[in-house]
Amino acid sequence: MKKSILIIGACGQIGTELTLKLREINGKNTVIASDIREGNPELMESGPFEFINAMDYNSIHNVVDKYNITDIYLMAAMLSATGEKFPAKAWELNMNSLFNVLNLAKEGIIKKVFWPSSIAVFGPTTPKENTPQATIMEPSTVYGISKQAGERWCEYYFNKFGVDVRSVRYPGIISWKTKPGGGTTDYAVEIFHNALLIEKYNSFLSKNTKLPMMYMDDAINATIKIMDAKPSEIKIRSSYNLAAISFTPQEIAEEIKKTIPEFSIKYHSDFRQKIADSWPKSIDDSNARKDWGWKHQFNLETMSKRMLNNLYSKYKGW
Ligand code: NAD
């Protein structure tokens, strides 16, 4: 059967670049973008788009029927910082959207599901350095609770109904094309914009707050690689730990100063500090590397160079 892909939440930070990459690989008409809002012009002009509310089973089902969809990537969610402001809405969106997609697969209407989890599944009692795949998980944010519950449901649907669902726990994702959507690691994107525009940044996390991060290209590669793996290679059906780099606001500021020596940073923690303090500093992702050959490419230096070069070109209109 021919592969046909639907991305739900395609206009967000990760969905935008995932859609563009999947269209480059599979052809634009094989990859249907969907969201409750329109995306940036590059995304909207690159192939088919449908309005879908991820909480509405019938609206997903209609589009699945219209395009004979086989694979769904569910990227719609409310992220950690916004979720703390609207906990009931975050729970409703994050859980209902997942059930809608898992149930489509359970009923045999679609074949394969990608659903991202997050390092937010870990909590204050989790070992912070080199956090193992299987460890104490007592998340303290509604976002983390929804991701952990989601992981349990993914594994349950695989064991009980044979649903082919695949998942990774993304760390903070750093990208230049689309701005991040209300997470605790958003500082690591904002800092590049501010460095280029006004040569200073006020960090909402303290200078020594170390968190696991990843450049967008690596996150997209991981997503496509786990979806392309043979079913027998996927040994974990909750969600795989995934890692690339870990750094603090001070370390990223030092890296930026190598290119923009005038850049300065100040630190004023807000409510997001507490969330960041509950998360791991670094992640052991050896299962993903062993089971389906995951490898990251970008370190702090190469990621920072890419961010500064791409954003410089964007702001100068080149
Ligand atoms: P984002 O907030 O940038 O994008 C989410 C998209 O979902 C938005 O375009 C939004 O309009 C859409 N959306 C919201 N409600 C919807 C609904 N009811 N129906 C359809 N679409 C809806 O998020 P992102 O950063 O691209 O994250 C994508 C996924 O990756 C999420 O599951 C998120 O939890 C996970 N994740 C992201 C990060 C990160 O650093 N960006 C880290 C860990 C996990």
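What follows walks through two sheets and the helices packed against them in a predicted model.

The six-stranded sheet is a natural place to start. This sheet is open, its strands come in the order 3-2-1-4-5-7, and the pairing is parallel. Strand 3 (49-51) and strand 7 (164-166) sit at the edges, each with a pairing partner on one side only. Going from one strand to the next, the twist averages 20°. Inside this sheet, four bridges hold strand 1 (residues 5-8) and strand 2 (residues 31-35) together in the parallel sense. For anyone wanting a landmark in that pair, L6 stands opposite I32 in strand 2. Helix 8 (residues 216-228) packs on this sheet and touches strand 4 (71-74), strand 5 (112-114) and strand 7. The direction of helix 8 makes about 155° with that of strand 5.

Now for the other sheet. Three strands make up this one, again open, in the order 9-11-13 and with mixed pairing. Its edges are strand 9 (172-174) and strand 13 (245-247), which each pair on one side only. Here the twist averages 45° from one strand to the next. Strand 11 (residues 211-215) and strand 13 run antiparallel and are joined by three bridges; in strand 13, F247 is the residue found opposite L211.

Helix 7 (residues 187-198) lies across strand 9, strand 11 and strand 13, and runs at about 25° to strand 9. Helix 7 also packs with helix 9 (residues 249-257), the two axes being 11 Å apart and at an angle of about 30°. That angle is under the 35-degree cut-off, so helix 7 counts as roughly parallel to helix 9. The crossing of the two helices is right-handed. On the helix 7 side, the contact is made by Y187, A188, I191, F192 and A195, while helix 9 puts in P249, I252, A253 and I256. Sorted by class, that contact has nine nonpolar residues and no polar or charged ones.

Y187 turns up again among the aromatic residues. The structure holds 11 aromatic pairs, and one of them brings together Y187 and F204. The ring centres of Y187 and F204 are 6.3 Å apart and the planes meet at 85°, so this pair is edge-to-face. The pair links distant parts of the chain, with Y187 in helix 7 and F204, 17 residues away, in the loop between strand 10 (200-203) and strand 11. Y187 thus appears both in the contact of helix 7 with helix 9 and in an aromatic pair with F204.

Terms used. Residues are numbered from 1 along each chain as its sequence is written. This is a predicted model: local features need pLDDT of at least 70, side-chain atom pairs count only at pLDDT 80 or more; totals for chains, interfaces and linings use all residues. Side-chain values use heavy atoms; hydrogens and water are left out. Two strands pair if DSSP finds at least two bridges between them. Axes are lines fitted to C-alpha atoms, for helices over the stretch in contact, and angles run from 0 to 180 degrees between N-to-C directions. Contact means heavy atoms within 4.5 Å. Angles under 35 degrees count as roughly parallel, over 145 as roughly antiparallel, 65 to 115 as roughly perpendicular and the rest as oblique. A crossing is left-handed if the near helix is turned anticlockwise from the far one by less than a right angle, and right-handed if clockwise. Ala, Val, Leu, Ile, Met, Phe, Trp, Tyr, Cys and Pro count as nonpolar, Asp, Glu, Lys and Arg as charged, and the others, Gly among them, as polar. Rings of Phe, Tyr and Trp (its six-membered ring) pair if their centres lie within 6.5 Å; planes under 30 degrees apart count as stacked, over 60 as edge-to-face and the rest as tilted.
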